[in-house]
Each structure stands twice: as C-alpha cells, then as structure tokens.
Amino acid sequence: MRTRSYGALLGAAMLAGMTACASSSTPAGGFQPAGGPATPASAPAYSAAEVATAHFPFPSGIHIDFQTPLPSGLQPARAAVTYENYQLAYYYAIYSRGESKRYLSYLYRSDVPLVAAAQASVRKYDGEGFTGTLRFYDMTVQPTPGQPGGLDVSACVNQQRLFSTDRATGRVIPGQSTAPAGNVSLETYSLDELEGSWKIVAIASTYYPHGAAKGCYP
C-alpha cells in the first residue's frame with residue numbers, strides 16, 4: 001500500500017477535543033463503514049493536479065501520515081483530499097497558535113455551530129505544542145445516508161506517537177499514555193459540494209474501544 005506522508009504535528013494528550021467538532025446539521029456518533037476501504041483502480045480517473053494536497057511548513061519532527069490510497073473516482077478523491085487538507089490545516093492552526101486560519105476554508109461557513117466548535121478546539125490547545133506522528137488509515141468514502149450527492153469520509157486515527165509539548169521549552173510533557181484507549185478513534189466527516197468545492201458539513205468521532213472504533217485497533 002502506498003503511504004503519503006506530509007510534515008505535520010499533534011500531541012497524544014490533545015486527542016479528545018481536536019477532531020470531535022460535531023455539526024448541528026448531523027448528529028454526532030459512531031460511523032459504521034458501509035463497504036470496504038477506498039482502493040484505487042489501476043489508472044485513476046483524474047490527474048494529480050485535480051486532487052492536489054495542500055502544503056503546510058511543519059517542522060521535521062512532526063508527521064501526518066495518510067496511509068490509504070485515494071479512491072479512483074474524481075469526486076470521491078476530491079472529498080478525500082478535502083478531508084486530508086482539513087486535517088493538515090487544522091493541526092497547522094494549532095501549531096501556529098491560531099494564526100493560520102486556512103482550516104476554516106474547508107468548512108461550510110454557513111454552519112455556525114460547526115465553525116464555532118472548530119475554532120474553540122484550536123483555541124483549547126493554545127498553551128501546548130506537539131511533536132511526533134499522527135496516522136490516518138483504513139479510510140473509506142461512501143455516500144452520505146439520506147443526503148443525495150453527499151459523501152462521508154471515514155478514517156481511523158492513531159495518535160499514540162503524537163505527544164504534547166511545552167511551548168516554552170519544546171520538551172514533551174511527561175506522563176502521556178500510548179495505550180489505544182483514548183489515543184485511537186474512528187472519524188466520519190460528512191461533505192457536500194457547496195460553493196464550487198467540497199465542504200465539510202458535519203464531524204463525528206468514536207474512540208476505541210467503543211462501537212465501530214473497535215475495528216481501528218492499531
């Protein structure tokens with residue numbers, strides 16, 4: 001399986017609030033994938049330029065790894081890349097102590113509760129930095145139930161090797177657990193094609209060992 005790695009950071013102690021911003025438009029909760037992982041065809045039906053990944057200048061000690069190949073269809077691939085770009089932008093917002101606001105461009109801005117929750121999550125970690133590796137795997141892209149044209153991007157997220165640091169010293173804060181419970185989750189991001197591009201309209205997370213997150217055991 002091809003691994004696509006991008007410089008990025010995040011701390012294991014941060015996990016509970018960082019990606020669990022639930023939109024008012026869709027109830028939060030676990031997501032049971034409706035099919036197998038998205039897998040590429042021998043010749044993807046799109047060019048690299050059509051599904052370009054955003055770049056963020058993270059330091060060398062931070063890595064965000066997306067370990068599932070993009071799906072072969074153009075729209076599922078665009079939805080998947082929007083999800084990945086949001087993750088990069090979101091963690092860079094935390095790294096920059098909120099100075100970077102590019103993550104907001106991937107959200108449906110008319111959904112005020114969703115945007116407010118994401119902003120609050122970034123502010124929550126203003127006093128901490130992070131270092132290490134954040135891993136996304138077993139990603140699926142499926143139609144959103146009851147929402148014609150919408151797509152759900154679901155992925156397992158492993159933060160066991162991502163650690164919070166003291167912003168003043170840059171040192172890892174001691175006492176952080178690498179156990180699966182609380183450091184491994186299943187995320188589902190619901191997206192719709194709005195305003196000329198794919199936008200995130202709802203976010204839900206379930207943490208191991210609950211519900212469908214049991215399948216994300218590292």
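Let's begin with the building blocks: this protein contains 3 helices and 6 strands, and what you see is a predicted model. If you walk along the sequence, these elements come in the pattern β-α-β-α-α-β-β-β-β.

Next, look at how the chain folds back on itself. Take the contacts between residues at least 6 apart in sequence: 76% of them join residues at least 24 apart. Of the 218 residues in the protein, 51% are buried. On the outside, the protein exposes about 9,600 Å², and carbon and sulfur atoms supply 54% of that area.

Now let's step inside. The largest nonpolar core has 46 residues, and the members touching the most others are Tyr86, Tyr91, Tyr103 and Ile200. Which elements give two or more residues to this core? They are the helices α2 (74–95) and α3 (112–124), together with the strands β2 (62–66), β3 (128–143), β4 (151–166), β5 (184–194) and β6 (197–207). The biggest giver is α2, with 13 residues.

To see this core from one residue's viewpoint, find tyrosine 86. Setting aside neighbours within four places in sequence, which residues is tyrosine 86 in contact with? Three are tyrosines, namely Tyr103, Tyr106 and Tyr189, and the others are Leu107, Ala118, Ile200 and Ile203. Ile200 is a name you have met already, as it is listed with Tyr86 among the residues that touch the most other core members.

Finally, there is another core, lying apart from the largest one. This second core has 7 residues, including Val184, Leu186, Tyr208 and Cys216.

Definitions and conventions:
Residues are numbered from 1 along each chain as its sequence is written. This is a predicted model: local features need pLDDT of at least 70, side-chain atom pairs count only at pLDDT 80 or more; totals for chains, interfaces and linings use all residues. Side-chain values use heavy atoms; hydrogens and water are left out. Helices (H or I, at least four residues) and strands (E, at least two) are DSSP runs, numbered from the N terminus. Buried means under 20% relative accessible area, exposed over 50%, partly exposed in between (1.4 Å probe, protein chains only). Contact means heavy atoms within 4.5 Å. Accessible areas come from the Shrake-Rupley method with a 1.4 Å probe; for residues, only the protein chains shown count as cover. A nonpolar core is a set of buried Ala, Val, Leu, Ile, Met, Phe, Trp, Tyr and Cys residues joined through side-chain atoms within 4.5 Å.
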